[in-house]
Amino acid sequence: MSPTIETRTTVQSPQISKFLKQPQKMLINGEWCDSVSGQTFTTYDPATGDVLAEVPRGGPEDIDHAVKAARTAFEETSWARLRPNLREDLLWRISQAIVERVEDFAELESLDNGKPIGIAHAFDVRAAADCFRYYAGWPSKIQGATNNPSMLLAPTEVEFHSYTRREPVGVCGQIIPWNFPLLMAAWKIAPALATGNTLVLKPAEQTPLTALLLGQIMVEAGVPAGVVNIVTGYGDAGAALSGHEDVDKMAFTGSTEVGKKIVNAASGNLKKVSLELGGKSPNIVFEDADIPSAVGGVLQGFTLNSGQACEAGTRVYVHEKIYDEFNQALAEQVRTLKVGPGNDPESAITPLVSEEQLNRVVGYLNAGKEEGAHALVGGNRHGDSGYFVEPTVFTDTTEDMSIVREEIFGPVAVSIPFSDESEVIKAANKSEYGLAAGLWTTDLSRAHRVASRLNAGSVWVNTYHALDSALPFGGFHQSGWGRELGPESIELYTQVKSVTMAL
């Protein structure tokens, strides 16, 4: 019999209590407004199913107003030409404001998404602040280059001077997911502002609240009207943004399926597109690995954020010499994980974000068992209230099973034995995805050799989920286009112009 799920009864932060009681508004052209239609939608606490807030349901008309505001701010104000040091000051103020309200952001993120409040505090909010801080250093570092061209068709006595300029793209549409709402907003907004763009952000309908609170922070920090616009809504709003003829660039984080739709919608005016999409990442444990460290890393790899992470290491390949020992140790660790609401500091597995996601993950659990896989631990829904599932490890799988091939987005892993290095590299790369990979070994040569052969945008050795604002993040194959974070994100939000003059 499953234990009773605790329910959330109070909001600890007076500021967040006040925030949730006030009418939620969208941010368009510096004003907080309702949707044109007047419609709203409900966002819920996934631990209890209780209503958190009613949020404006923006649609295509609201998107159009926001895009027009962003276009005006880009072309008719001094924003795009703002001195680099002033842009740096603004981004630094946003970063500091997030840090000053870390408790508020953490509680709101936990309430809306369901994640452990300790993780939200230690990682999500502080990493979002760090992202703004990192890009605060970039405006004065964006450079072009001089050139000494030959100009073969010009008379030899004519001299030329050529140089390049890196300029903002223009109006950027940005759609973020529900698994790391605040952090994904920071990953998109910070580089866009650092490079002088304006933007329209569409948060996920499941988790819109921290984006709206971030909007308040940015307005208070001095972001000019129209530079940042936030439209809350469903897929019709996202489709309108992706297909809008006056949007110059789309940035999306989410499923591969939706990413393909955004590419199609963006083809009308051939806007620039960057995509950070799904994953089914391998995590390889070699026979010489430090088993306790590898068990802990593999556990974190598929249970962080209740498995709701695109880079989650859900395909666990373990060398046959240590397979049984490793699985036993992993199962023992999984059984110690407490399942509970995000406001309980002892909860390691918290609710999935929505009833829809719960049904999706439970469907995979049932499919795995029906296809013949063995649930070494877990394998079921947890409790009968809230959106909880048991952390699960499957064995006795085959590569054609859906739990091996498809992204589940829950705390579910498959453990697969292998016998040699070339075999496991081939198996790890046999996927339509290529977002991340992990490997555990004490052999330095093997670590470099295998890392170079894995088809993944990020490879982690003797660690997992090692993310940093200075390191590019993105995937191979159907895990996306382009790289976010690091200097590479500056390239996503700028375009190069060549200037040549005859002297």
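Ser-274 is found in strand β11, which covers residues 272–276. This is a predicted model. Ser-274 has a relative accessibility of 3%, so the residue counts as buried. The Ser-274 side chain makes a polar contact with the side chain of Lys-249, at 2.7 Å. Lys-249 also appears among the residues that Ser-274 touches beyond its sequence neighbours within four places. The others in that set are Met-250, Ala-251, Phe-252, Trp-481 and Leu-492.

**A second buried polar side chain**

Asn-327 sits in helix α11, residues 323–335. At 6% relative accessibility, Asn-327 is buried. Which side chain does the side chain of Asn-327 meet in a polar contact? The partner is Ser-415, at 2.7 Å. Setting aside residues up to four places away in sequence, Asn-327 touches Ser-415, Leu-376 and Thr-395.

**Cys-310**

Cys-310 lies in a loop that runs between α10 (291–303) and β13 (315–319). Is Cys-310 buried or exposed? Its relative accessible area is 10%, under the 20% cut-off, so Cys-310 is buried. The contacts of Cys-310, not counting residues up to four places away in sequence, include Glu-276, Leu-277, Gly-278, Gly-279 and Ser-281. Asn-179 is another contact of Cys-310. So are Glu-407, Phe-409, Leu-435 and Phe-473. Gly-144 is 166 residues from Cys-310 in sequence. In space, the C-alpha atoms of Cys-310 and Gly-144 are 34 Å apart.

**Salt bridges**

The structure holds 22 salt bridges. Three of them are tabulated here, with the N–O distance and the relative accessibility of each partner.

| Acidic residue | Basic residue | Closest N and O atoms |
|---|---|---|
| Asp-246 (28%) | Arg-71 (12%) | 3.2 Å |
| Glu-406 (29%) | Arg-405 (41%) | 3.6 Å |
| Glu-421 (16%) | Arg-453 (45%) | 4.0 Å |

Take the salt bridge of Asp-246 with Arg-71. Asp-246 is in the loop between α8 (235–243) and β10 (249–253), while Arg-71 is in helix α2 (residues 60–76), so the pair ties together parts that are 175 residues apart in sequence. Asp-246 is partly exposed, whereas Arg-71 is buried.

Glu-406 and Arg-405 form another salt bridge. Glu-406 is partly exposed at 29%. Arg-405 is also partly exposed, at 41%.

The salt bridge of Glu-421 with Arg-453 has its closest N and O atoms 4.0 Å apart. This pair links distant parts of the chain: Glu-421 is in helix α14 (residues 421–429) and Arg-453 is in helix α15 (residues 444–453), 32 residues apart. Glu-421 is buried, and Arg-453 is partly exposed.

**The salt-bridge network**

Glu-421 and Arg-453 also belong to a network of salt bridges. Which residues are linked with them? They are Glu-287, Asp-288, Arg-446 and Arg-449.

Glu-287 is in the loop between β12 (282–285) and α10. Its relative accessibility is 30%, so Glu-287 counts as partly exposed. Glu-287 touches Arg-446, a fellow network member. Its other contacts, not counting residues up to four places away in sequence, are His-319, Lys-321 and Ile-322. Ser-419 is 132 residues from Glu-287 in sequence, yet their C-alpha atoms are 9.4 Å apart in space.

**A three-stranded sheet**

One open sheet has three strands in the order β5-β6-β20, paired antiparallel. Which strands form the edges? They are β5 (146–147) and β20 (494–502), and each pairs on one side only. Strand β6 (residues 160–168) pairs with β20 in the antiparallel sense over nine bridges. Thr-164 stands opposite Ser-498 in β20.

**The annotated span**

An unreviewed UniProt entry lists residues 32–499 as "domain: Aldehyde dehydrogenase". That span is 40% helix and 19% strand. The C-alpha atoms at the ends of residues 32–499 lie 41 Å apart.

Conventions:
Residues numbered from 1 in each chain as written. Predicted model: local features only at pLDDT ≥ 70, side-chain atom pairs only at ≥ 80, totals over all residues. Heavy atoms only, no water. Salt bridge = Lys/Arg side-chain N within 4 Å of Asp/Glu carboxyl O. Helix = DSSP H or I, 4+ residues; strand = E, 2+ residues; numbered from the N terminus. Buried < 20%, exposed > 50% of the residue type's maximum accessible area, 1.4 Å probe, protein only. Pairing = 2+ DSSP bridges. Contact = heavy atoms within 4.5 Å. Polar contact = N/O pair within 3.5 Å; in protein donor to acceptor, adjacent residues only side chain to side chain. UniProt positions renumbered as here; feature names shortened; annotations may be inferred.
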